[in-house]
Amino acid sequence: MMTRDECFAVLHELRRHDVVVITTMSAAAPWARLSDSSLNFASVSSAMAHAADFAMGIALARPERQVWVLNGDGSLLMSLGTLVTICQTPPPNLVHFVLENNTYEVTGNQLIPGAGKAAMVQFAHGAGFPQVHEFQCAETMSRELPAILERAGPAFVNLRMAPGREPAPSLDRPLSDCAREFRQALEKQGS
Amino acid sequence: MPPKIITREPATDEATMRERSTRIVAGLLDLDITHAVGVADNMSRFIFDELNEDPSVSVVPVCREGEAWAIASGLWVGGKRPVVLIQNTGFLEAGDALRGTAVDMGVPLPALIGYRGYRSLSTPTPDSVASLFEPTLRAWGLPYHFLQENKEGETLRAAFMEAQSLGQPVAVLMT
């Protein structure tokens, strides 16, 4: 099974400069260490479970650019209905990645409900995602993901990985400042 | 003996609700709203019906009200002008989503919220939602306006302007 660092190295390599990336929980700091793009937005100090729907809103507003959300499995379980909501008003430019490590990592790797039993890809299939994929090996992911990213979505990509030891993330300034700066970045690069 | 199931409260007649919904939709269109995000209830169903027929507004139905705040926040960050339409029951459910997205992100977002139970506020009722609603709005620091009959457009504009000037969501209550 891949590590998050191996997985993120592949995503970072494949990410075009104009792709929006929304991160949350244990993905936020590791992704920020790899990329300081103004099109990154860390859904941190915010509401758990609401990175994917926030990303959906951006994808609907900005159909000209691809929007990735790096969601957690625990976060997804807190708002499973969001998968259905996405498929009801499907933004073809949204890629919903789930980092499945089966734990609430930032609070000390407690097992999530359904760990090892619940199948994330089955949730996505059931919700009606036109594209559902799963990877547990960075090499395969590196080989197959580029073609997936070229197709119309919304896509659901489950990334099975080993739990890490990421502490709880926080922001160095108010979320409102981050949102305003992010909005300006989207405006600037969208014009 | 099991409880007898009764109708929750007398419904306003359909023709009146439709007329009112038409005025509300006109008010929303006048504000150049681009997206309506939420969950329909008995009061808002005709608003959703009319918005679904209007090509200038995209309706985004959600499974749970918390999603409405997050999606609307994403839409605003992306440069759109959304409105949230939910009922007070869902509002109570969605507290952390409201706090963690629209409020903390400073999103100037008008929200039309159905006030279930308003007419039975001063009477004994097993439905507690109405008695908790306004205290919760105040506790969460959300300014609110009551939607006034035949002044729907003015009320919506006032709420929208307040949201813009405060940089935060403002509620409009539908009784």
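Is the crossing of α3(A) and α3(B) left-handed or right-handed? It is right-handed (clockwise turn of the near helix from the far one by less than a right angle; anticlockwise would be left-handed).

This is a predicted model, with pLDDT of at least 70 for local features and 80 or more for side-chain atom pairs, while totals for chains, interfaces and linings use all residues. Residues count from 1 along each chain as written, and chains are lettered from A and ligands numbered from 1 in written order.

**Stop 1: the helix pair.** Select α3(A), residues 51-61, and α3(B), residues 65-77. They pack at about 40 degrees, axes 7 Å apart (axes are lines fitted to C-alpha atoms over the stretch in contact; angles run from 0 to 180 degrees between N-to-C directions). The two helices are therefore oblique (not under 35, over 145, or 65 to 115 degrees). Helices are DSSP runs of H or I, at least four residues; strands are E, at least two.

Now show the contact residues (C-beta atoms, placed from the backbone, within 7 Å). Among them are A:F54, A:M56, B:I71 and B:L75.

**Stop 2: the sheet.** Select the six strands of chain A, ordered β2-β1-β3-β4-β8-β7 in an open, parallel sheet (pairing needs at least two DSSP bridges). β2 (40-43) and β7 (131-135) each have a single partner strand, so one side of each lacks a neighbour in the sheet.

**Stop 3: the β7 edge.** Five bridges join β7(A) to β8(A), residues 155-160. Pick A:E134; its bridge partner is A:N158. Add α7(A), residues 138-150, which packs on the sheet and touches β4, β7 and β8. Its direction makes about 165 degrees with that of β7(A).

Notes
Two residues are in contact if their C-beta atoms, placed from the backbone, lie within 7 Å.
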